[in-house]
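This report describes selected features of a protein model. It treats a helix crossing, the internal cavities and a sheet in turn.

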Amino acid sequence: MKILILGAGVVGVSSAWYLAKAGHEVTVIDRQPAAGLETSFANGGQISVSHAEPWSNPHAPLRALSWMGREDAPLLFRLRWDPALFDWSWRFLRECTSARTRENIRDIVALALYSRNQLQTLRADTAIEYDQLERGILHVYTDPKEFSAAVEASKVLREFGCDRRTVSADECVAIEPALKAARPLLVGGDYTREDESGDARCFTQKLAALCGTSGVSFRYETCVEKLMATDGRISGVSVKTSSVSETLVADAYVVALGSYSPLLMRSLGINLPVYPAKGYSATIPLSESSVAPTVAMTDDGHKLVFSRLGQRLRIAGTAEFNGYNTELNSVRCQALMHRTKHLFPELNPAGEPEFWCGLRPSTPSNVPYIGRSRISNLYLNTGHGTLGWTMACGSGAALSDIIGGRKPEIRLRCL
Ligand SMILES: Cc1cc2nc3c(=O)[nH]c(=O)nc-3n(C[C@H](O)[C@H](O)[C@H](O)COP(=O)(O)OP(=O)(O)OC[C@H]3O[C@@H](n4cnc5c(N)ncnc54)[C@H](O)[C@@H]3O)c2cc1C
């Protein structure tokens, strides 16, 4: 089958890999000059099944209200006239009940576990390298209330197959000795030995190169303008480069445009509840004398993650609902640095941090849309929110099963 994949982020490129392996003729379109240059560019780097608890949970509404208006808030809703944000927020609130949260965690864990296994197999098959570390993920807590909530959440995660173990504050330091100076702040933690970390952009670009040698074509600097539908099927995609406009035709089309996916679906009369949640990262070059973590970490109270990428430390997190704005806010950048210095006072960087922000394609439940849409030859692989890197390989493999008429190994949701 001839398949056009729209979007060359980590999700689009992973889809291309599995679809090409299944024997399809695949072309990937992206407006950027290379793969992985938007949200997959400098994310937190974690392959974190242990991070399956969605933002929409019973604690979220009160927490978000208490942070309202604080420029450095971990989760910030900026009040603005935006019908898409109102619609999304209403759906988000409906996902905050205990029952919905539990169901969402179950589906997220299943997809994330499947995806971590697919990534490990892909790594073994291709010897791809992307500053990966297989040292697990340690969550640390500095607030006793957050910690006791996490102990309960870990029980639910274990029930669904994610081996997230509660550990004491001393055990946190034993697992990651760089936390020694922060020991007085810690009240406890949890550790998921099987989780991993690595550079998502490096992975995406190297996998794109491997796709190229497997026959996948990439058309960069090509903007997707419109999907055209006739008689319940997509008849073509209108695209534009700096010099030409043309219509590309295939048997099947995959939307993997991250946060921009709903904009193209609108003209087809499909309301895709994916909203951009802006997050920040800082990448710090490390010196010989740096005391920095090598185990990937999450500071739950501040919604920050830390990943060691070779001689760099990546700190990422926070979420801001402010449309498609991608300006860097210096207060939010400095909030990352402030907390990092607090936890790792002997970081001794080798240079200035590189700040970045990206738009997580967030669904109200944090469960992505993967599968056939109500238009028969149009497929979705989008809405991976906080866990797009974690879920990319599994999402690509499962989508390839669906398009190939095979039953995917896990339960998926689509519109
Ligand atoms: C601060 C931060 C930290 C994160 N940390 C983690 C983490 O630790 N672990 C984890 O699993 N996930 C993490 N994520 C989430 C993860 O990065 C995303 O879920 C993932 O990158 C989404 O990938 P994608 O391929 O769907 O989107 P993207 O990477 O944004 O790809 C979409 C592609 O579509 C292209 N495109 C869009 N519109 C058009 C158009 N009209 N025409 C042509 N091309 C178009 C873009 O150029 C882009 O390349 C984090 C995100 C952020 C922001």
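Is the crossing of α4 and α5 right-handed or left-handed? The model examined here is a predicted one, and in it the crossing of α4 and α5 is right-handed.

**Helix crossing**

Helix α4 spans residues 98-126, and helix α5 covers residues 144-159. Their axes come within 9 Å and cross at roughly 55°. This angle makes α4 oblique to α5, because angles of 65 to 115 degrees would count as roughly perpendicular and those under 35 degrees as roughly parallel.

**Cavities**

Helix α4 also takes part in enclosing internal space, giving three residues to the lining of the largest cavity, the most of any contributor. When the whole structure is searched, two cavities of 30 Å³ or more are found. Their volumes and the classes of their lining residues are set out below.

| Cavity | Volume | Nonpolar lining residues | Polar lining residues | Charged lining residues |
|---|---|---|---|---|
| Largest cavity | about 50 Å³ | six residues | no residues | three residues |
| Second largest cavity | about 40 Å³ | four residues | five residues | no residues |

The residues around the largest cavity are D107, I108, L111, V367, P368, M391, R411, L412 and R413. The charged members of this lining are three in number, and polar residues are absent from it.

Which residues line the second largest cavity? They are W55, S56, W88, F92, S362, T363, P364, S365 and N366. Here charged residues are absent, while five polar residues stand beside four nonpolar ones.

**The β10-β11-β12 sheet**

Three strands form an open sheet in the order β10-β11-β12, and their pairing is antiparallel. Strands β10 (223-230) and β12 (245-248) each have a single partner strand and stand at the edges, so one side of each lacks a neighbour in the sheet. From one strand to the next, the twist averages 25°.

How many bridges join β10 to β11? There are seven, and the two strands run antiparallel, with β11 made up of residues 233-240. Within this pairing, L227 has V237 of β11 as its bridge partner.

**Summary**

In this predicted model, α4 takes part in a right-handed crossing with α5 and also contributes to the lining of the largest cavity. The open sheet places β10 and β12 at its edges, with β10 joined to β11 by seven bridges.

Note on methods
Residues numbered from 1 in each chain as written. Predicted model: local features only at pLDDT ≥ 70, side-chain atom pairs only at ≥ 80, totals over all residues. Heavy atoms only, no water. 1 Å grid on protein atoms, 1.4 Å probe; cavity = no way out; pocket = protein on both sides within 12 Å on 5 of 7 lines; lining within 4 Å. Points joined across faces, edges and corners; volume = space filled by probe spheres on them. Helix = DSSP H or I, 4+ residues; strand = E, 2+ residues; numbered from the N terminus. Nonpolar A, V, L, I, M, F, W, Y, C, P; charged D, E, K, R; others polar. Pairing = 2+ DSSP bridges. Axes fitted to C-alpha atoms, helices over the stretch in contact; angles between N-to-C directions. Parallel < 35°, antiparallel > 145°, perpendicular 65-115°, else oblique. Left-handed = near helix turned anticlockwise from the far one by under 90°.
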